[in-house]
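Work through the exercises below with the structure open. Try each task before reading its solution.

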Amino acid sequence: MSDKGLISMVEREHINSLLIHGKRIDGRNFDEYRTITAIPNFVPKAEGSAIVKIGRTKVIAGVKASIGEPFEDTPEEGVVTATVELIPLASPDFESGPPREDAIELARVTDRAIRESKCVSQDSLVIIPGKKVWILFIDIYVLDNDGNLFDACELAALTALMHTQLPECKIITNEDGIEDVEVLETKKPIQLDHIPISNTFAKIGTNIIIDPLLKEESIADARLTLSFTEENKICATQKGGSGSFTIDEIKKCIDIASERTKEIRSKLNSIINPEGYPWSEER
Amino acid sequence: MTNKEKTVLITKNGIRHDGRKKTDLREIRFEVGILDRADGSAIIYWGKNKILAAVYGPRELHPKHMALPDRALIRCEYRMATFSVTERKSPAPKRREKEISKILAEAIEPAVFDYLYPRSVIDVFIEVLQADGGSRCASITAAALALADAGIPMKDLVVGCAAGNLNGEVVIDLDDVEDKEGQGDLPIAVLPLSGEVVLLQSDGVFNPEQYKEALDLLMDACQTIYKLQREAITNKYAKITEEIIEPVEVEPEPTEAKVEKKKGEKTEEKKETEEKTPKKKASAKKAKSEQSEESEKKKKTSKKKEKKTPPKKDEEAKE
């Protein structure tokens, strides 16, 4: 992230010297992910919502829907867009105001994973082909930043979508023969065709670690986010930071992410816990 | 939730659309210290409201020219998440949010000893995750807890609550439906110990009698909420105090005796800042925390908390 928290030289040295010995400040292995919890339906007023915790990082996503017209170049498709806000409540490094480039990058990467994986089924979104479609807004707010916002935002968006219900629609033809949409009271869950899961790596010196903490991010040279579908296809990639990766490093990341995303996907049922506690546990 | 037909806001027997009586509050629940990055934080669940508050500071103020030479600037930002309401709200701050931010900051100021931190800023951020009527009152109630959690010296917590006019009946704590369909809304915030009103607004119509009745009922309601609010923070810091003390006690010692012995002196110290003599529990906690003098900053804040919000003194005094 461009918004780096201040980190002292001592701490920087500490993180580095641990990495040399193959250790991390929270005791994890380089390829070990933090505990993930996803709490769906936190905001019942939204069509779908979820709080996701990765370690101490917390984000909330809410889905709102409205009926609109499709884009001209994709008349047969509904619209799904994601926004991310780095609200100042979440960190002393965030400032209020319109989203800056780091928030926009976060939103666009999340958006890309959802869109490119063809996550949401068009059957759920198209009402009258070419005329009326559902427009889904996935709005994500970071609530507490302890690193790896990319994965947290993506998972929050996904969990919110998995719990999104849209009103059923009836197509009516009025006396002029024009088709219109009547929104019914009954609701139906949207159908998801694909489940994208992303993994983010940080590169510090020559070491590459998965799921970086904020402190690790703040001294990292580069960042790499890879999103996988359930068919083990990469549906989104984003490299960030001023450092670089070698081809071998990228290949290694792909192998690790392929494994980790599979693991996360297989555990999704236990990760998504309606009874989960969304905040920091008592210390 | 659909109000196709007109909702009966209040029946002849004084029962409201959700089954509450005139002065019944919705369920209120708090949690304190729930965000890690913030200096202080709290969430309030008030009816269907879910509102987060976070405090940062006292810290350096940007831009510098806003700095006050004799006290801290209290800055508040009230925002609503796009999905907090039925129709998606656009993410850009509206005039309403700006106004509420301003009055909330002004309501917080009287409670804070702001002269202790000249030229700095105390930032209060409020994020409404789900709104259900009375969100500004819930916000300030949560913000006060977040301030206390941040260890900001305060003379009292701040409690907000709203009254309304439903077909001529004065009721307490409007929800969304009542807010929209009722005839009046009267939010206030008070410092419960002194009874000072720090926020007062109203829209819609009240006749003078109704207005006065509303104020009286609100004062009572605020005291009820105050109790819950204080419980929330004392519960949290009671736990932390215990955790800090345990590792210090290497060998088990007869704490009972020690507490009794220390009780007298501590009580006197405490009198300086507080009006009543603390009962057993309060002084025991304090005496205990006194033992681990050298343990870090956290303990300091927890002690501060106890001074500001004397733990359960009133309840115990009553018993």
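**Exercise 1. Into which classes do the residues lining the largest cavity divide?**

Step 1. Start with the nonpolar group: seven residues of the lining belong there.
Step 2. Add the rest: two lining residues are polar and six are charged.
Step 3. Find the place in this predicted model. The lining has 15 residues. Leu86(A), Glu95(A), Gly97(A), Pro99(A) and Arg100(A) lie nearest the centre of the cavity.
Step 4. Give the volume. The largest cavity holds about 130 Å³. The structure has five cavities of 30 Å³ or more.

**Exercise 2. Which element supplies the largest share of the lining of the second largest cavity?**

Step 1. List the lining. It consists of Tyr33(A), Ile36(A), Ile54(A), Asp151(A), Glu154(A), Leu155(A), Ile197(A), Ser198(A) and Ile264(A).
Step 2. Look for elements that give at least two residues each. In chain A these are helix H4 (149–162) and strand E9 (197–204).
Step 3. Pick the largest share. H4(A) supplies it, with three residues.
Step 4. Sort by class. Six lining residues are nonpolar, one is polar and two are charged. The space in this second largest cavity is about 50 Å³.

**Exercise 3. Describe helix H2 of chain A: its span, its buried residues and what they pack against.**

Step 1. Take the span. H2(A) covers residues 101–116, 16 residues in total. From first C-alpha to last, the helix reaches 21 Å. The expected value, at 1.5 Å a residue, is 22 Å, so the two are close.
Step 2. Pick out the buried residues, those under 20% relative accessible area. They are Asp102(A), Ala103(A), Leu106(A), Ala107(A), Val109(A), Thr110(A), Asp111(A), Ala113(A) and Ile114(A).
Step 3. Recall the helix rule. Residues three or four places apart point the same way, because an α-helix has 3.6 residues a turn.
Step 4. Name the partners. In chain A, the buried residues of H2 pack against strands E4 (79–85), E6 (132–144), E11 (222–228) and E12 (234–240), and against H4.
Step 5. Check what follows. Lys118(A), just after H2(A), has a positive phi of about 55°.

**Exercise 4. How many residues of chain B are in contact with chain A, and how much area do the chains bury between them?**

Step 1. Count both sides. On chain B there are 40 residues in contact with 34 residues of chain A.
Step 2. State the area. The two chains bury about 3,200 Å² between them. Carbon and sulfur atoms carry 53% of that area.
Step 3. Find the main contributors on chain B. Asp36(B), Arg37(B) and Phe83(B) supply 24% of the area chain B buries against chain A, more than any other three residues.

Methods:
Residues are numbered from 1 along each chain as its sequence is written. Chains are lettered from A and ligands numbered from 1 in the order in which they are written. This is a predicted model: local features need pLDDT of at least 70, side-chain atom pairs count only at pLDDT 80 or more; totals for chains, interfaces and linings use all residues. Side-chain values use heavy atoms; hydrogens and water are left out. On a 1 Å grid over the protein atoms alone, a cavity is a set of points where a 1.4 Å probe fits but cannot get out, and a pocket is an open set with protein on both sides within 12 Å along at least five of seven lines; lining residues have an atom within 4 Å of a point. Grid points are joined across faces, edges and corners, and a volume is the space filled by probe spheres set on the points. Ala, Val, Leu, Ile, Met, Phe, Trp, Tyr, Cys and Pro count as nonpolar, Asp, Glu, Lys and Arg as charged, and the others, Gly among them, as polar. Helices (H or I, at least four residues) and strands (E, at least two) are DSSP runs, numbered from the N terminus. Buried means under 20% relative accessible area, exposed over 50%, partly exposed in between (1.4 Å probe, protein chains only). Contact means heavy atoms within 4.5 Å. Buried area is the accessible area (1.4 Å probe) that two parts lose on being put together, summed over both.
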